[in-house]
Amino acid sequence: DQGSFAQKAVEAGAAVRVGFNRVTAPELRRAVFEVLENPSYRAAAQRLQTSFREAGGAPAAASALEALA
């Protein structure tokens with residue numbers, strides 16, 4: 001499930017995807033600096049944060065998961 005969450009973060013504009021088993025140190029450095037230095041990533045992350053909060057946050061997620069059990 002980590003891969004699907006990572007892809008959703010990329011699609012939302014909040015992340016850069018790197019190949020966990022294939023990424024080199026220079027590639028990882030570039031990806032980290034891209035996210036830290038480009039304000040669009042922060043803005044996208046803030047939009048996600050707002051949507052999670054409006055949906056009820058962690059307590060709502062926990063309740064939904066418990067309802068599945």
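Reader: What makes the nonpolar surface patch, and which residues are in it?

Author: Val 16, Val 18, Leu 28, Val 32, Phe 33 and Leu 36 make it, with an area of about 470 Å². To join a patch, a residue needs over 30% relative accessible area and no salt bridge; nonpolar side chains (Val, Leu, Ile, Met, Phe, Trp, Tyr) are then joined within 5 Å, and like charges within 9 Å. A salt bridge here is a side-chain nitrogen of Lys or Arg within 4 Å of a carboxyl oxygen of Asp or Glu. The areas come from the Shrake-Rupley method with a 1.4 Å probe, and for residues only the protein chains shown count as cover.

Keep in mind that this is a predicted model, where local features need pLDDT of at least 70 and side-chain atom pairs 80 or more, while totals for chains, interfaces and linings use all residues. Residues are numbered from 1 along each chain as its sequence is written, and side-chain values use heavy atoms, with hydrogens and water left out.

Reader: Why does Val 16 get the exposure class it has?

Author: Buried means under 20% relative accessible area, exposed means over 50%, and partly exposed is in between (1.4 Å probe, protein chains only). Val 16 comes in at 34%, so it counts as partly exposed. Val 18, at 31%, therefore gets the label partly exposed too.

Reader: Where do Val 16 and Val 18 sit?

Author: Val 16 is in the loop between helix 1 (2–11) and helix 2 (25–37), and Val 18 is in the loop between helix 1 and helix 2 as well. Thr 24 belongs to that loop between helix 1 and helix 2; its 36% makes it partly exposed. From Thr 24 to Pro 39 you go 15 residues in sequence and 24 Å in space, C-alpha to C-alpha.

Reader: How do you know which exposure class Gly 3 belongs to?

Author: Gly 3 has 30% relative accessibility, so it counts as partly exposed. This glycine is in helix 1, and its C-alpha is 9.9 Å from that of Gly 19, 16 residues apart in sequence.

Reader: What makes up the protein chain in helices and strands?

Author: Four helices and zero strands, in the order α-α-α-α from the N terminus. Both are DSSP runs numbered from the N terminus: helices are H or I with at least four residues, strands E with at least two.

Reader: How does the radius of gyration of the protein chain stand against a compact globule of 69 residues?

Author: The chain has 15 Å, whereas such a globule would be near 11 Å. The radius is taken over C-alpha atoms, and the globule rule is 2.2 Å times the number of residues to the power 0.38. As for burial, 7% of the 69 residues count as buried.
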